[in-house]
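Reader: I'd like a close look at one part of this model, starting from a single residue and working outward. Please keep it relaxed and spell out the cut-offs as you go.

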Amino acid sequence: MQAAKREALNIIGWMPEDSDTYEIMYKLYVPDKIRRGQEAIEEGRTITSEELQEEIASW
């Protein structure tokens, strides 16, 4: 968790002083979601397009 805090502080440190909360949250959110997606792919926690379509159809 310490590495995540360091990374967040680094990202915030590079942002302009007039950055608003939305911009800060976006800059922290996007890399985290990309990283989590890559981990899911590596761990095989994904589904095919067909499986997704079947799931949506069942709603």
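Author: Asn10 has its place in helix 1, where a helix is a DSSP run of H or I of at least four residues, a strand is a run of E of at least two, and both are numbered from the N terminus. Asn10 counts as partly exposed, with 45% relative accessibility; the scale is buried under 20% relative accessible area, exposed over 50% and partly exposed in between, using a 1.4 Å probe and protein chains only. Between the C-alpha atoms of Asn10 and Pro31 there are 13 Å, and the two residues are 21 apart along the chain.

A word on the ground rules. This is a predicted model, with residues numbered from 1 along each chain as its sequence is written. Local features need pLDDT of at least 70 and side-chain atom pairs count only at pLDDT 80 or more, totals for chains, interfaces and linings use all residues, and side-chain values use heavy atoms, with hydrogens and water left out.

Helix 1 (residues 2-14) also holds Glu7, whose partner Arg35 belongs to helix 2. Glu7 and Arg35 form a salt bridge, their closest N and O atoms being 3.5 Å apart; the term needs a side-chain nitrogen of Lys or Arg within 4 Å of a carboxyl oxygen of Asp or Glu. That pair links distant parts of the chain, 28 residues apart. Both ends are partly exposed: Glu7 has a relative accessible area of 32%, and Arg35 comes in at 33%.

Right beside Arg35 in the numbering, Arg36 makes a salt bridge with Asp32, at 3.0 Å between the closest N and O atoms. Those two are four residues apart in helix 2, so about one helical turn separates them. Arg36 is partly exposed at 49%, and Asp32 is partly exposed at 23%. By the rule above there are three salt bridges; one of them joins Arg45 and Glu43, N to O 2.7 Å, with both residues exposed.

Now the stretch between the helices. Asp18 lies in the loop between helix 1 and helix 2 and is exposed, with a relative accessible area of 69%. Together with Glu17, Asp20 and Glu23, Asp18 makes up a surface patch of negative charge. Patches take residues with over 30% relative accessible area and no salt bridge, joining like charges within 9 Å and nonpolar side chains (Val, Leu, Ile, Met, Phe, Trp, Tyr) within 5 Å. Lys and Arg count as positive, Asp and Glu as negative, leaving out His and the chain ends, and each charge is placed at NZ of Lys, CZ of Arg, CG of Asp or CD of Glu.

Further along, Ile47 is in the loop between helix 2 (21-42) and helix 3 (49-57). Ile47, Leu52, Ile56 and Trp59 make a nonpolar surface patch of about 470 Å², with areas from the Shrake-Rupley method and a 1.4 Å probe, only the protein chains shown counting as cover for residues.

Stepping back, the chain reads α-α-α along the sequence. Its radius of gyration, 17 Å, is well over the 10 Å that the globule rule gives for 59 residues, so the chain is more spread out than a compact globule; the radius is taken over C-alpha atoms, and the rule is 2.2 Å times the number of residues to the power 0.38. Just 5% of the 59 residues count as buried.
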